[in-house]
Amino acid sequence: MSTTYDVVIIGSGPGGYVCAIKAAQLGLRTAVVEKRATYGGTCLNIGCIPSKAMLHASEMFAEAGHSFAALGISVGSPKLDLKAMLAHKDATVAANVGGVAFLFKKNKIDGIRGTGRVLGAGMVAVTAEDGSEQVLEARNIVIATGSDVAGIPGVPVDIDEKVIVSSTGALELDRVPEHLVVVGGGVIGLELGSVWARLGSRVTVVEYLDTILGGMDGEVARQFQRMLGKQGFAFRLGAKVTAVAKAGSGATVTFEPVKGGAAETVSADVVLIATGRKPYTDGLGLAEAGVVLDERGRVRTDGHYRTSVPGIYAIGDVIAGPMLAHKAEDEGVAVAEIMAGQAGHVNYGVIPSVVYTSPEVASVGRTEEQLKADGIAYKVGKFPFSANGRARAMLQTDGFAKVLAAKEDDRVLGVHILGFGAGEMIHEAAVLMEFGGSAEDLARTCHAHPTLSESVKEAALGAFFKSIHI
Ligand code: NAI
C-alpha cells in the first residue's frame, strides 16, 4: 500500500527537518526520509553541535589553565578527563537529535527510516536496512541530503578516522595527539585544530592559499592568524599538500610551495583532512529521474528551489551557496512556504558566518576586498576591544569590530567582528542590514553599558562620524 504525502523530504539535517516542521505548520502532510539512526544530519550528529560541545569544554579547560590565575582564582593545573569530555559531547548530541524526534511527533511528521531514492516526480523509494523497499507518493519532493567530506582534490587519502581523520574522527579521538597536522586552514581546520591545541596538541596547519579563512575580510584573517600563532598554532601557508600517508603509528604529510620549490614532509600523530565538503547526491537516482546537476555536482535550482523536474525541489548544502546550517534552515522555511503557495524568500546578502574559535570570528555582508573589487566607495569604522570596559573586566581585549558603510548613503554593507562573543554580537548587524539600516542608525541605537556590543556601536559611530571612546 502506498501513502500520499503533500511533501516528502529526503534528509533530516537542518535544511530537511526545519522544512518538515514549517511544512507541517502550514498544514501540509509531511514525511522525512532519513538513513541515519538519528535525525539532525551532519550538523547535529557529527558537525556543528558536537564540535561546539568540544570547543566549549576545551575552552574552559584552557581558561582554567591559563586565565583563572589573573582573575584571582587558583585551581592549580587542571586535569583533563577526555573520556568525560567526549561523554559531554555525546550527551549534547543525544539531547539535540532527541529534540528533533520530539518536534516531528509534535508536528505529526512521519519519520521514515531508510535510504531515499527519487523515482521521478511524485515518487520516492525508501530502502530499509533489512533491504525491504516501500514507495512513497508525494505531491512535492525536497532533496535535502547535505554534503560529505570532499577529500584533497587530486590526492588519494585513506581516511580511517583514527590516524587520518575527517571532522568526524577528529571529534572522537581517544587521546590527545602530540602533533596534529591539519590540511586546510578553513573553518573546520581552525575550529577542530583549536580543540586539540587547547587540550595540549602541537598543531600545524598546512594551507594552499596565502591566508587562512579564504574569503574572510583580509584584515580580520591576518590579525586572527597572529592570535592563533600566539596560541601555539604553526602555519604553512601557500603550501599545497600532495600526499598523506600512514607511517608507523602515525602519518606523514607532504607539501610543496604553491609558487614552486622543494617539497617537504612532516610527521604527525594524527592528520585532519579539512579541505572542504562536496554535495551529497550518491544513490539518489537523480540522473535517472532527470534532475540536472551543475558543473560542481550540486543540484541545479532556480530562485525558488525548483530543480529541472517539476515538483522536485532542493535546499541546503546540496545546492549552490555557502554550506552553512542556518542557510539550509532558512531555505527549508522558504521552500515550505513556496510549496504552500506563499512567497518564500532568503536574503543571501545577509547570511552571517561565524568561526567558533577563541576568539570568535563573525561576519555578515561584504568584505573590504569585495567592495574594492565591485568598485563601491565605502567608509570604515573600527573599534578595538582593548578600549571596551566590559572586555577589560573579562580579560577579553583581543580583536576589534569593523563596520563598512557606503560612502554614498551610509548604508551598512558589511560588519566583521573578531573577539570574544563575536558570534552572538553579529546578529544586531544582520537585523540592521536586513532592514537596510545605516551606520548612523546603528550608532544612534542605545546600547547597554557595559557590554561588548558597545564596540559594534562604536565602530558604527566611527563609520558615520567619529567614535567616542577612542
Ligand atoms: P573550507 O572550504 O572552509 O576550507 C578548506 C581549505 O582547504 C581551503 O582554505 C583550501 O584552500 C584548503 N585546501 C584545499 N586543498 C588543499 C591542499 N591540497 N593543500 C592545502 N590546502 C588545501 O572547508 P572546511 O573547513 O573543510 O569546511 C567545509 C564546509 O563546512 C565549509 O563550507 C564551511 O563553511 C562549513 N563549515 C562551517 C562551519 C561554521 O560555520 N562554523 C564549521 C564547520 C564547517
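Let me start with the ligand, around which there are 22 residues, and of these Ile 188, Glu 191, Glu 207, Gly 276 and Val 354 come nearest. Please keep in mind throughout that what we are looking at is a predicted model. If we sort the shell around the ligand by class, we find 14 nonpolar residues, together with four polar and four charged ones.

Three polar contacts are worth pointing out here. The side chain of Glu 207 brings an N or O atom to 2.6 Å from an oxygen atom of the ligand, while a polar backbone atom of Tyr 208 is 3.1 Å from a nitrogen atom of the ligand. In addition, a backbone N or O atom of Ala 274 lies 3.4 Å from an oxygen atom of the ligand. On its own the ligand has 850 Å² of accessible area, and the protein covers 79% of that. Which elements give two or more residues to the shell around the ligand? They are helix 6, residues 187-198, and strand 12, residues 239-247.

That brings me to helix 6 itself, which is largely enclosed by the rest of the structure, because 10 of its 12 residues are buried. The buried residues in helix 6 run through Gly 189, Leu 190, Glu 191, Leu 192, Gly 193, Ser 194, Val 195, Trp 196, Ala 197 and Arg 198, and Glu 191 is also one of the residues that come nearest to the ligand. As for its length, the end C-alpha atoms of helix 6 are 17 Å apart, which agrees with the 16 Å that its 12 residues should span at 1.5 Å a residue. Just after helix 6 comes Gly 200, which takes a positive phi of about 125 degrees.

Helix 6 appears again when we turn to helix 3, residues 48-66, since what covers the buried residues of helix 3 includes helix 2 (41-46), helix 4 (82-106) and helix 6. Among the buried residues in helix 3 are Met 54, Leu 55, Glu 59 and Phe 61. Helix 3 has 19 residues and reaches 26 Å from its first C-alpha to its last, close to the 27 Å expected at 1.5 Å a residue.

For helix 9, residues 325-339, the reach from the first C-alpha to the last is 21 Å, close to the expected 21 Å for its 15 residues. The buried residues of helix 9 include Lys 327, Glu 331 and Glu 337, alongside others such as Val 335, Ile 338 and Met 339. Helix 9 is followed by Gly 341, which has a positive phi near 85 degrees.

Now I would like to move to the backbone, and for that a general remark helps: most residues other than glycine have a negative phi, and most peptide bonds are trans. Against that background, Glu 161 has a positive phi of about 60 degrees although it is not a glycine, and it is found in the loop between strand 7 (147-149) and strand 8 (164-165). Tyr 305, also not a glycine, has a positive phi of about 65 degrees, and its place is the loop between helix 8 (286-289) and strand 17 (312-314). Are these two residues buried or exposed? Glu 161 counts as partly exposed, because its relative accessibility is 26%, whereas Tyr 305 counts as buried, at 4%.

As for peptide bonds, the one from His 449 to Pro 450 is cis, with omega near 0 degrees, and Pro 450 is found in the loop between helix 13 (439-444) and helix 14 (454-464). A cis peptide bond also joins Ser 358 and Pro 359, and Pro 359 lies in the loop between strand 18 (353-355) and strand 19 (360-365).

Strand 19 is where Glu 360 sits, and Glu 360 counts as buried because its relative accessibility is 18%, under the 20% cut-off. Where does the side chain of Glu 360 reach? Its partner is the backbone nitrogen of Gly 423, at 2.8 Å. Beyond its neighbours within four places in sequence, Glu 360 is in contact with several residues, including Val 355, Ile 417, Leu 418 and Glu 424. Glu 424 is 64 residues from Glu 360 along the chain, yet their C-alpha atoms are separated by 9.4 Å.

Finally, Gln 396 has its place in the loop between helix 11 (389-393) and strand 21 (400-406), and with a relative accessible area of 16% it is buried. Leaving aside its neighbours within four places in sequence, Gln 396 is in contact with Glu 63, Phe 385, Ala 391 and Phe 420.

Terms used: Residues are numbered from 1 along each chain as its sequence is written. This is a predicted model: local features need pLDDT of at least 70, side-chain atom pairs count only at pLDDT 80 or more; totals for chains, interfaces and linings use all residues. Side-chain values use heavy atoms; hydrogens and water are left out. Helices (H or I, at least four residues) and strands (E, at least two) are DSSP runs, numbered from the N terminus. Buried means under 20% relative accessible area, exposed over 50%, partly exposed in between (1.4 Å probe, protein chains only). A residue is near a molecule or strand if one of its heavy atoms lies within 4 Å of it. A polar contact is a pair of N or O atoms within 3.5 Å; within protein, one must be able to donate a hydrogen and the other to accept it, and residues adjacent in sequence count only if both atoms are side-chain atoms. Accessible areas come from the Shrake-Rupley method with a 1.4 Å probe; for residues, only the protein chains shown count as cover. Ala, Val, Leu, Ile, Met, Phe, Trp, Tyr, Cys and Pro count as nonpolar, Asp, Glu, Lys and Arg as charged, and the others, Gly among them, as polar. The expected span of a helix is 1.5 Å times one less than its number of residues. Contact means heavy atoms within 4.5 Å.
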